[in-house]
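Okay, let's get going. I'll put the model up, and then we can walk through it together.

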Amino acid sequence: VVIKIGSSAITSVGPGVRRDRLEFLADAAEARMAAGSDVFMVSSGAVAAGMAPLGMNVRPRDIASKQAVASVGQAELAGAWGEAFGRHDRKTGLVLLTATDIGRRDTARNAQRTLDKMRTLGIVPIINENDAIATYEFHFGDNDRLAALVAHLLSADALLLLSDVDAMFDRIPSQPGAERISYVAQHDMLTNVEAGDGGALGTGGMASKLAAAKLAADAGVPVVLTSAGLADEAVSPGFTGGTVFEPRAERMSARRFWVRHVADAHGSVSLDDGAVAAITTGPRRSLLVAGVSRVQRGFFKGDVIELRDRDGVLVARGIAGYDAAELRDLLELRAAETEKGGIGRPLVHADDLVVI
């Protein structure tokens with residue numbers, strides 16, 4: 001079970017880390033572990049935790065200050081979590097990740113092996129984004145996305161997203177007429193939901209949690225979104241509160257999940273209408289060179305690329321079988337000798353193509 005805790009649930013302006021709340025959450029996790037589950041904690045709050053020791057009352061704005069403060073906060077959080085779980089004779093270990101770590105298949109696999117070994121050694125992993133060095137243009141978003149990716153890496157049985165609201169609503173809960181959403185089906189696009197950004201201490205908000213929940217559910221992991229104050233109830237298999245996200249019936253393979261959700265795209269191509277129809281309807285098919293109308297952005301063989309329709313709408317992602325320069329040569333050849341347009345390997349093999 002992966003449990004993600006937001007900044008606002010465990011930190012506050014002034015005191016910094018709320019050790020009483022960490023103890024409450026550790027008690028809830030211990031109850032689940034006593035019932036036979038392995039628990040992985042994804043903890044936000046590094047910047048907020050570092051503010052108190054440095055005498056700050058306002059969250060820093062510039063990147064360098066945030067990262068410097070986060071370096072102090074990581075140590076504060078690690079110590080506080082260690083003390084909270086130490087009351088149950090549990091050892092904790094700090095695991096700091098960046099989006100780049102998860103985006104590369106080799107480092108993602110290494111993270112997976114490390115986390116699994118910690119599990120077998122009886123260590124409770126405390127996972128956080130490496131805020132002190134992460135490039136903020138590519139950060140996870142208050143760890144919601146990180147938690148979803150970790151849940152996929154571990155093939156988790158459940159992901160609990162804990163924050164300061166007890167469920168998802170169709171708008172800000174304090175607004176008149178706000179309605180609770182208790183269940184989200186797999187293909188529900190939630191077009192009627194107004195999701196906001198994070199508060200004063202966090203960077204996520206409901207929009208981030210909603211995106212992460214949908215991502216994890218797409219990987220086949222059941223998700224419950226609820227309040228950190230209900231953690232002791234939420235870890236129970238019989239919990240009926242919060243918002244439940246229905247998982248995909250069959251779990252996506254690690255390779256296809258990586259292509260769709262994790263890998264950075266390094267190029268894009270435009271497809272004709274026939275190619276779009278071929279790869280988005282019916283059984284899985286490879287994308288042939290004949291279906292490409294033009295190369296939009298350069299890439300190399302083995303890169304993940306975006307496949308777009310004639311209007312520029314993203315329809316799929318896949319692993320390129322050609323360099324962009326080689327593909328351009330083939331397109332020119334096709335223009336000169338139409339019958340040779342489909343010769344050779346496909347641009348994207350069916351096993352490496354994921355429809356969005």
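So, burial: 49% of the 356 residues in the chain are buried. Keep in mind that this is a predicted model. The accessible surface adds up to about 16300 Å², and carbon and sulfur atoms own 51% of that.

In terms of secondary structure, we're looking at twelve helices and 17 strands. How compact is the chain for a globular protein of its length? The radius of gyration is 22 Å, and the globule rule gives 21 Å for 356 residues, so the chain is as compact as a globular protein of that length. If you'd rather think in box dimensions, the C-alpha trace spans about 75 × 45 × 40 Å along its principal axes.

Contacts next. Take those with a separation of 6 or more: 71% of them link residues 24 or more positions apart. As for charges, I count 39 positive and 45 negative side chains, and the centres of those two sets sit 3 Å from each other.

Now let's zoom in on one helix, α8, which runs over residues 206-218. From first C-alpha to last, α8 reaches 18 Å, close to the 18 Å you'd expect for its 13 residues at 1.5 Å a residue. Is α8 enclosed or exposed? Ten of its 13 residues are buried, so α8 is largely enclosed by the rest of the structure. The buried set has plenty of alanine and leucine names on it, including Leu210, Ala212, Ala213, Leu215, Ala216 and Ala217. But Lys209 and Asp218 are also among the buried ones, so to speak the charged members of that list. Just past the end of α8, Gly220 takes a positive phi of about 95°.

Speaking of positive phi, two residues that aren't glycine do it as well. One is Asp89, with phi at about 60°. Asp89 belongs to the loop between α4 (63-86) and β5 (91-97), and with a relative accessible area of 73% it is exposed. The other is Ser155, where phi is near 50°. You'll find Ser155 in the loop between α7 and β7 (159-163), and at 48% relative accessibility it counts as partly exposed.

Next, a couple of loop residues that are buried. Asp309 is in the loop between β15 (304-308) and β16 (314-319). The cut-off for buried is under 20% relative accessible area, and Asp309 comes in at 16%, so it counts as buried. What does Asp309 contact, once you set aside neighbours within four places in sequence? That would be Ser270, Leu271, Val276 and Val315. There's also Asp273, 36 residues from Asp309 along the chain, with 7.0 Å between their C-alpha atoms.

Then there's Asn130, in the loop between β6 (123-129) and α7 (144-153). Asn130 also has 16% relative accessibility and counts as buried. Not counting residues up to four places away, Asn130 touches Gln74, Leu96, Leu97 and Thr98.

Last stop is Arg328, in helix α12 (residues 324-336). Arg328 is partly exposed, at a relative accessible area of 37%. Its C-alpha is 9.9 Å from that of Gly298, and the two are 30 residues apart in sequence.

That's my tour, thanks.

Note on methods:
Residues are numbered from 1 along each chain as its sequence is written. This is a predicted model: local features need pLDDT of at least 70, side-chain atom pairs count only at pLDDT 80 or more; totals for chains, interfaces and linings use all residues. Side-chain values use heavy atoms; hydrogens and water are left out. Helices (H or I, at least four residues) and strands (E, at least two) are DSSP runs, numbered from the N terminus. The radius of gyration is taken over C-alpha atoms; the globule rule is 2.2 Å times the number of residues to the power 0.38. Buried means under 20% relative accessible area, exposed over 50%, partly exposed in between (1.4 Å probe, protein chains only). Contact means heavy atoms within 4.5 Å. Accessible areas come from the Shrake-Rupley method with a 1.4 Å probe; for residues, only the protein chains shown count as cover. The place of a charge is taken as NZ of Lys, CZ of Arg, CG of Asp or CD of Glu. The expected span of a helix is 1.5 Å times one less than its number of residues.
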